[in-house]
Every structure is written in C-alpha cells, then in structure tokens.
Amino acid sequence: MENSSGNVYKLRLMGDEHLDLVLGWRNHPEVRRYMYTQHLISMEEHQAWFKRACADDAKCLLIFEKLGKPIGFLNFSLQGKGRVADWGFYMDPDHQKGDGRHLGLEGLRYGFDNLKLHKICGQALEYNNASIGFHEYLGFVQEGCLRSHAFDGKEYNSVICFGLLAEEWASDKVKV
Ligand SMILES: CC(C)(COP(=O)(O)OP(=O)(O)OC[C@H]1O[C@@H](n2cnc3c(N)ncnc32)[C@H](O)[C@@H]1OP(=O)(O)O)[C@@H](O)C(=O)NCCC(=O)NCCS
C-alpha cells in the first residue's frame with residue numbers, strides 16, 4: 001500500500017542487523033533522559049531485551065526508515081486481550097527536525113491498519129515537552145496524569161498518559 005508520504009518513509013520489523021544502531025540511539029543522553037530507565041545499557045542487556053521481545057507475541061519492534069536509511073525506532077506492546085497497546089519511540093538524535101512527525105503518522109497507520117489495534121496509548125515524562133506536543137499533534141487525548149510516579153534515582157516525576165482510539169484516527173482527526 002502506498003503511504004501518504006509517497007513511500008519516502010517506511011516502518012519495517014527490527015532485526016539483528018539493527019542492534020548496534022538502536023543501542024547507540026537509546027544510550028544517547030537526549031534519548032535516555034526521556035526514558036523510564038536512564039542508565040547506560042550494555043550490548044549484553046540490549047541483546048537480552050531484543051531476544052525476549054522477539055519471543056513475545058505481545059511485542060512488535062520496528063525500525064523507521066527514510067529512503068531506506070534507518071532513522072528511528074518504534075515499538076508496540078499489547079496490553080491484555082483487547083487490542084490495546086502501549087507505544088514507545090525515539091528518533092536518531094541527529095535526525096532532521098520534522099521527520100519525527102512521519103514516525104508518528106506511519107506508527108499510527110501500522111498500529112491501526114496492520115496490527116488492527118483498538119487503541120494506542122502513550123506515556124510521557126512531565127518534562128518531555130516534545131513528546132507531549134507530539135502526542136497532541138497526532139490527535140491523542142490526554143487521559144490522565146500519574147502524579148510523582150517515575151523515579152529516576154534522584155527524584156520523582158509525573159507521567160502524562162495519552163490515548164488514541166481507532167475510530168478517532170479513522171475519522172481524520174490526524175492531519176497528514
Ligand atoms: C518525540 C520525537 C520523536 C519528536 O520528533 P521531532 O522530529 O521533534 O518531531 P517533529 O519536529 O516532526 O514535530 C511534530 C510535532 O510534534 C510537536 N513537537 C515537536 N517538538 C516539540 C517541542 N519541543 N515542544 C512542543 N511540541 C513539539 C509539534 O506539534 C510538532 O509540530 P510542529 O512542528 O508543526 O509544531 C523526538 O523528539 C524524539 O525522538 N525524542 C526523544 C525520545 C522521546 O522522547 N521519545 C518519546 C518518549 S515518550
């Protein structure tokens with residue numbers, strides 16, 4: 001199926017060949033400061049995470065490409081049996097500003113069209129203005145705030161919870 005961006009942007013399943021690249025992105029200070037776990041991840045820990053995720057039917061790990069070049073990571077994690085999934089993502093920290101929106105748009109398309117999700121949920125740390133703005137831009141509804149919820153080893157931060165239903169997405173609330 002041709003996508004809205006004329007196939008410039010594409011999501012594909014993550015493979016062993018992406019391990020080095022994804023670990024480099026995940027460990028970058030401008031990515032890990034926005035994650036729940038913020039320590040430097042070793043290749044051993046990374047490989048174990050990848051192996052576990054590949055063996056888990058509830059998880060889907062994807063690489064986001066621009067003209068065939070990997071520039072981001074996105075994952076879905078099914079919660080329970082109702083086709084409700086959490087998503088998480090990060091771009092290559094050196095990505096061209098503005099490519100992030102296509103990661104989001106392709107991610108929604110993949111989640112709702114390919115995985116037939118009923119709902120996609122996102123969570124952002126309260127100081128992650130880019131992710132909060134990004135979810136709002138994509139049409140997500142803010143559904144709650146987990147107050148003083150995520151401990152980073154020094155302090156607690158609140159977590160902003162977002163949700164988007166398949167019918168909201170289909171009714172063209174998201175501007176492409
Ligand atoms: C979140 C992320 C994918 C966004 O990518 P990006 O390239 O900045 O996104 P874009 O520039 O395409 O922005 C798309 C929209 O998101 C919103 N947005 C992006 N950066 C923003 C910021 N700093 N503040 C508020 N809103 C922002 C805007 O609505 C923007 O649309 P606009 O440019 O027309 O105003 C990227 O910043 C990233 O990888 N961050 C680190 C990892 C991370 O935080 N992951 C999410 C964990 S919950």
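Two strands are taken to pair if DSSP finds at least two bridges between them. In this predicted model, β5 and β7 meet that criterion comfortably, with seven bridges in the antiparallel sense. Within this pairing, Ala124 has Ile160 of β7 as its bridge partner. β7 is also joined to β6, again by seven bridges and again antiparallel, and here Phe151 stands opposite Tyr156 of β7. The β6 and β7 strands form a hairpin with four residues between them; in its turn, Gly153 has a positive phi of about 100 degrees. β7 is mostly covered, as eight of its ten residues are buried.

These strands belong to an open sheet of seven strands, which follow the order β1-β2-β3-β4-β5-β7-β6 with mixed pairing. β1 and β6 (141-151) stand at the edges and have a single partner strand each, so one side of each lacks a neighbour in the sheet. On average, and ignoring direction, neighbouring strands are turned by 30 degrees against each other. Elsewhere in the sheet, β2 and β3 run antiparallel and are joined by eight bridges, with Leu61 standing opposite Asn75 in β3.

Turning to the interior, the largest nonpolar core holds 28 residues, and those touching the most other members are Leu74, Phe76, Trp87, Leu108, Ile120 and Phe140. At least two residues of this core come from each of β1 (9-13), β2 (59-66), β3 (69-79), β4 (84-91), α4 (100-114), β5 (119-125), α5 (129-137) and β7 (156-165). Helix α4 gives the largest share, five residues. Trp87 offers a good place to look at the surroundings in detail: leaving aside neighbours within four places in sequence, its contacts include Leu74, Phe76, Leu108, Ile120 and Phe140, along with Gly104, Gly107, Cys121, His135 and Leu138. A second, separate core has twelve residues, among them Phe50, Ala53, Leu61 and Phe73.

Phe50 also appears where two helices meet. Helix α1 (residues 19-27) packs against helix α3 (residues 43-54) at an angle of about 115 degrees, and their axes are 11 Å apart. The two helices are therefore roughly perpendicular to each other, and α1 passes α3 in a right-handed crossing. At this meeting point, Leu19, Asp20, Val22 and Leu23 of α1 face Met43, His46, Gln47 and Phe50 of α3.

How values were computed:
Residues numbered from 1 in each chain as written. Predicted model: local features only at pLDDT ≥ 70, side-chain atom pairs only at ≥ 80, totals over all residues. Heavy atoms only, no water. Core = buried A, V, L, I, M, F, W, Y, C linked by side-chain atoms within 4.5 Å. Buried < 20%, exposed > 50% of the residue type's maximum accessible area, 1.4 Å probe, protein only. Contact = heavy atoms within 4.5 Å. Axes fitted to C-alpha atoms, helices over the stretch in contact; angles between N-to-C directions. Parallel < 35°, antiparallel > 145°, perpendicular 65-115°, else oblique. Left-handed = near helix turned anticlockwise from the far one by under 90°.
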